[in-house]
Amino acid sequence: MVRIGAHFHVDNPLNEAAACGADAAQFFLGDPQGWKGPVIPGGDPAAIRDAFAAAGIDIYIHAPYVINVATSNNRIRIPSRKLLDQQLKAAASVGAKGLIVHGGHVTAGVAAEDGLENWRKAVERIERPLPMLIENTAGGDGAMARSLDAIGRLWDAVTGAAGNEGANLGFCLDTCHANSAGIELADAADRIKAITGRIDLVHCNNSRDEFGSGRDRHANIATGTIDPALLLGVVRAAGAPVICETPDENGGLAADVSWLRQHLAG
């Protein structure tokens, strides 16, 4: 049975995960929009690891949104590498199954190859004590992981730099991002697997916006512009754990976890 979880923006994700019947909890270690180092809830990583293990709930950590190791801007790229390194170590300390990081982007007028080279350097220089899962993104002309072609180039770059068959590198497929980037969900999982050989995590999100919009606005599974059957198809084809990053208002997040569990069991 597929492990189904959710992203929690709360101080006690374990309690929230248990309350909505989740098998996994994704959360941030600190401010997702800030440059400060990781913050371990309660200050004791071993206590977090043991408590989640006792509850049978997996941990996934999402890296801060500000990280962009692809950019040629030294004032962003160098702190990004440092913060990514810190986040990987902190995520490993709490027993996380993986750390999710966005593919980043290059600025206007900068060649994509420069971004790929910066990714190569980051992978070569940063230790990965747990799987680092690169996530596809919804929009941006300079995005490194928006289109299937771009994902292929990035994957070749990072796995080539990692050696040892891409040790501790993985892929996170976000359904809202893929839809907004103009990737058809009907065969998205199969096409991603053809590029990367793997999908390690699915962010199962509907979208408030139309196909190809380039916009990243998540919606609950039953209320967005994407046919829920397509989302279910992605999850089944991926064969990977699932995290819902959908709105929590009026119990929406718990309802999405329940919806997936019911439909995947059928």
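Visitor: Which residues of helix 5 are buried?

Guide: To read burial, look at relative accessible area: a residue under 20% counts as buried. In this predicted model, the buried residues of helix 5 are Leu 148, Ala 150, Ile 151, Gly 152, Leu 154, Trp 155, Ala 157, Val 158, Ala 161 and Ala 162.

Visitor: What covers the buried residues of helix 5?

Guide: Look for heavy atoms within 4.5 Å, as that is what counts as contact. The cover includes two helices, helix 4 (112–125) and helix 7 (188–196), together with strand 5 (132–135) and strand 6 (169–174).

Visitor: How does the span of helix 5 compare with what it should be?

Guide: The expected span is 1.5 Å times one less than the number of residues. Helix 5 runs over residues 148–162, so its 15 residues should span 21 Å. Its end C-alpha atoms are 21 Å apart, which agrees.

Visitor: What happens to the backbone just after helix 5?

Guide: Here the thing to read is the sign of phi. Gly 163 takes a positive phi of about 65° just after the helix.

Visitor: Which residue other than glycine has a positive phi near 55°?

Guide: One of them is Asn 168, with phi near 55°. Asn 168 sits in the loop that joins helix 5 to strand 6, and its relative accessible area of 31% makes it partly exposed. Asn 250 is another non-glycine with a positive phi, about 55°. Asn 250 belongs to the loop between strand 10 (242–244) and helix 9 (252–265), where its relative accessibility of 86% means that it counts as exposed.

Visitor: Let me step back to the whole protein. How many helices and strands does it have?

Guide: The secondary structure comes to nine helices and ten strands. For the overall packing, compare the radius of gyration with the globule rule. The radius is 17 Å, close to the 18 Å that the rule gives for 266 residues, so the protein is as compact as a globular protein of that length. Its C-alpha trace spans about 45 × 45 × 30 Å along the principal axes.

Visitor: What share of the residues counts as buried?

Guide: Of the 266 residues, 52% count as buried. The accessible surface is about 11,300 Å², and carbon and sulfur atoms hold 48% of it.

Visitor: How do I read contacts by their separation in sequence?

Guide: Take the contacts with a separation of 6 or more, and ask what part joins residues 24 or more positions apart; in this protein that part is 74%.

Visitor: How many positive and negative side chains are there?

Guide: There are 23 positive and 31 negative side chains. To see how the two sets are placed, compare their centres, which lie 5 Å apart.

Visitor: Now a single residue. Is Tyr 60 buried or exposed?

Guide: Start with where it sits: Tyr 60 is in strand 3 (residues 58–62). Its relative accessibility is 6%, so Tyr 60 counts as buried. Beyond four places in sequence, Tyr 60 touches several residues, including Ala 24, Phe 27, Lys 97, Ile 100, Leu 133, Leu 201, Pro 241 and Ile 243. As for distances, Tyr 60 and Ile 40 are 20 residues apart along the chain, and 13 Å separates their C-alpha atoms.

Visitor: Where does Ile 221 lie?

Guide: Ile 221 lies in the loop between strand 9 (218–219) and helix 8 (228–238). A loop residue deserves its own accessibility check: Ile 221 has a relative accessible area of 0%, so it is buried. Neighbours within four places aside, the contacts of Ile 221 include Cys 204, Asn 206, Leu 231, Cys 244, Asp 256, Trp 259 and Leu 260.

Visitor: Is Gly 239 buried or exposed?

Guide: Over 50% is the cut-off for exposed, and Gly 239, at 58% relative accessibility, counts as exposed. Gly 239 is placed in the loop between helix 8 and strand 10. Between the C-alpha atoms of Gly 239 and Asp 200 there are 8.4 Å, with their positions 39 residues apart in sequence.

Visitor: And which residues does Ile 76 touch?

Guide: Ile 76 is part of helix 3 (residues 74–93) and is partly exposed, with a relative accessible area of 30%. Setting aside residues up to four places away, Ile 76 touches Trp 35, Val 66, Asn 68 and Thr 71. Trp 35 is 41 residues from Ile 76 in sequence, and their C-alpha atoms are 9.8 Å apart in space.

Key. Residues are numbered from 1 along each chain as its sequence is written. This is a predicted model: local features need pLDDT of at least 70, side-chain atom pairs count only at pLDDT 80 or more; totals for chains, interfaces and linings use all residues. Side-chain values use heavy atoms; hydrogens and water are left out. Helices (H or I, at least four residues) and strands (E, at least two) are DSSP runs, numbered from the N terminus. Buried means under 20% relative accessible area, exposed over 50%, partly exposed in between (1.4 Å probe, protein chains only). The radius of gyration is taken over C-alpha atoms; the globule rule is 2.2 Å times the number of residues to the power 0.38. Accessible areas come from the Shrake-Rupley method with a 1.4 Å probe; for residues, only the protein chains shown count as cover. Lys and Arg count as positive and Asp and Glu as negative; His and the chain ends are not counted. The place of a charge is taken as NZ of Lys, CZ of Arg, CG of Asp or CD of Glu.
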